[in-house]
Amino acid sequence: MLKTLQETVSWLRPQIPAETKIGIILGTGLGDLANTITDRKDIPYENIPHFPVSTVEGHSGRLIVGKLGGKPILAMQGRFHFYEGYDMKQVTFPVRVMQLLGFGYLFVSNAAGGMNSSFRIGDIMLIEDHINLFPEHPLRGKNHEELGTRFPDMSEAYDRQLRRLATTIAEENNIKLQYGTYIGLQGPTFETPAEYNWLRIIGGDAVGMSTVPEVIVAHHGGLKVLAFSIITDLGVLGKIVEVSHEEVQEAAKIAQPKMAFIMEEVIKHL
Ligand code: HPA
């Protein structure tokens, strides 16, 4: 894997300003943030050596090199989901690339179902912690010490200082933020009422099909993580209705300007 990674990194390095320290993963329905990126250059995934190519509707599949909040950033428009058939090394490959490019920060967004009964559709949840229910671990297999330690600590996977900064920015700008634990599982089915109920009982506030693998690898690789879920549907007993991918995308679209604003302001402060 290391050789493959190095080839990808060597190909990308000349196209990404050396001062770039911030990576962003744009989730389902959250690709519009890309429109606020300036000095923009797009690199379609299919042009990048060894990069997987994303397949799901609503995920366009490109790296965006540019500036956000006046700082150089690299954004992924479209991520790789385990349910698409990629293995965890593929799902997290772009995060390793960011690590080897010398990045220090990873910002992540996703669409998620809300189990916390105080959540509403369109709310933004700052992820404070996660529960990993994926059936495969991204760090399973031989550990490359140069990428990170064998048994990584996970007591603060979501950086406390970044969370504090995001909270302050939201408060100062009257943006309501929710806070909670994200549970990641494989999908592609949305949950049954019994599953939502169980996910709530075990400590989840929101549930989705991404983020956890990328965050584990980012944290293993020493990147500081800030992550947001947009609540696109409710897994609260009594409020559960049929969900579709289209509705998830629609709900995410409505909330995304607020999330984009917070991300941009956090970036300005780094
Ligand atoms: N469950 C899982 N993934 C999701 C959901 C959900 O309710 N909403 C958006 N992504």
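The dialogue below takes up a predicted model and asks what lies behind its labels.

Student: What makes Asp 39 exposed?

Tutor: Its relative accessible area is 61%. Exposed means over 50%. So Asp 39 is called exposed, at 61%. Asp 39 lies in strand E2, residues 38–44.

Student: Why is His 50 called partly exposed?

Tutor: The relative accessible area of His 50 is 41%. Buried is under 20%, exposed is over 50%, and partly exposed is in between. The value of 41% falls in between, so His 50 is partly exposed. His 50 is found in the loop between E2 and strand E3 (62–68).

Student: What is said about phi in Asp 39 and His 50?

Tutor: Phi of Asp 39 is near 50°, a positive value in a residue other than glycine. His 50 is not a glycine either, and its phi is positive, about 70°. Most residues other than glycine have a negative phi.

Student: Which peptide bond is cis?

Tutor: The one that joins Gly 187 and Pro 188, with omega about 0°. Most peptide bonds are trans. Pro 188 sits in the loop between strand E7 (177–184) and helix H5 (193–201).

Student: How do you know that H6 is largely enclosed by the rest of the structure?

Tutor: Eight of its nine residues are buried, so H6 is largely enclosed. The buried ones include Val 212, Pro 213, Glu 214 and His 220. Just after H6 comes Gly 222, with a positive phi near 85°.

Student: Is Gly 222 buried or exposed?

Tutor: Exposed, because its relative accessible area is 56% and the cut-off is over 50%. Gly 222 is placed in the loop between H6 and E9. Its C-alpha is 8.6 Å from that of Tyr 105, though the two are 117 residues apart in sequence.

Student: What about Lys 224, and where is it?

Tutor: Lys 224 is in strand E9, residues 224–234. Its relative accessible area is 37%, so it counts as partly exposed. Beyond its sequence neighbours within four places, Lys 224 is in contact with Gly 104, Tyr 105, Leu 106, Asp 159 and Leu 162. The C-alpha atoms of Lys 224 and Phe 107 are separated by 8.4 Å, with their places 117 residues apart along the chain.

Student: Why is H4 called oblique to H7?

Tutor: Helix H4 (residues 160–172) and helix H7 (residues 245–269) pack at an angle of about 120°. Roughly perpendicular covers 65 to 115 degrees, and roughly antiparallel is over 145. An angle of about 120° fits neither, so H4 is oblique to H7. Their axes are 9 Å apart. H4 passes H7 in a right-handed crossing.

Student: Which residues meet between H4 and H7?

Tutor: In H4 they are Leu 162, Leu 165, Ala 166, Ile 169 and Ala 170. In H7 they are Phe 261, Ile 262, Glu 265, Val 266 and His 269. By class, this contact has eight nonpolar residues, one polar and one charged.

Student: How do helix H1 and helix H3 cross?

Tutor: The axes of H1 (residues 2–12) and H3 (residues 93–100) come within 10 Å and cross at roughly 60°. The crossing is right-handed. Thr 4, Leu 5, Thr 8, Val 9 and Leu 12 in H1 meet Phe 93, Arg 96, Val 97 and Leu 100 in H3. The classes here are six nonpolar, two polar and one charged.

Student: What makes H3 largely enclosed?

Tutor: Seven of the eight residues of H3 are buried, so the rest of the structure largely encloses it. Among them are Phe 93, Arg 96 and Gln 99. The buried residues pack against several elements, including H1, strand E1 (22–26), strand E4 (71–77) and H6. Gly 102 follows H3, with a positive phi near 90°.

Student: Which residues have the most contacts inside the largest nonpolar core?

Tutor: Phe 51, Leu 63, Leu 74, Val 97 and Leu 106, in a core of 49 residues. Helix H6 gives the most to this core, with five residues. Apart from it lies another core, of 31 residues, among them Leu 26, Ile 175, Ala 252 and Val 266. In soluble globular proteins, nonpolar side chains tend to be buried together.

Technical notes:
Residues are numbered from 1 along each chain as its sequence is written. This is a predicted model: local features need pLDDT of at least 70, side-chain atom pairs count only at pLDDT 80 or more; totals for chains, interfaces and linings use all residues. Side-chain values use heavy atoms; hydrogens and water are left out. A nonpolar core is a set of buried Ala, Val, Leu, Ile, Met, Phe, Trp, Tyr and Cys residues joined through side-chain atoms within 4.5 Å. Buried means under 20% relative accessible area, exposed over 50%, partly exposed in between (1.4 Å probe, protein chains only). Helices (H or I, at least four residues) and strands (E, at least two) are DSSP runs, numbered from the N terminus. Axes are lines fitted to C-alpha atoms, for helices over the stretch in contact, and angles run from 0 to 180 degrees between N-to-C directions. Angles under 35 degrees count as roughly parallel, over 145 as roughly antiparallel, 65 to 115 as roughly perpendicular and the rest as oblique. A crossing is left-handed if the near helix is turned anticlockwise from the far one by less than a right angle, and right-handed if clockwise. Contact means heavy atoms within 4.5 Å. Ala, Val, Leu, Ile, Met, Phe, Trp, Tyr, Cys and Pro count as nonpolar, Asp, Glu, Lys and Arg as charged, and the others, Gly among them, as polar.
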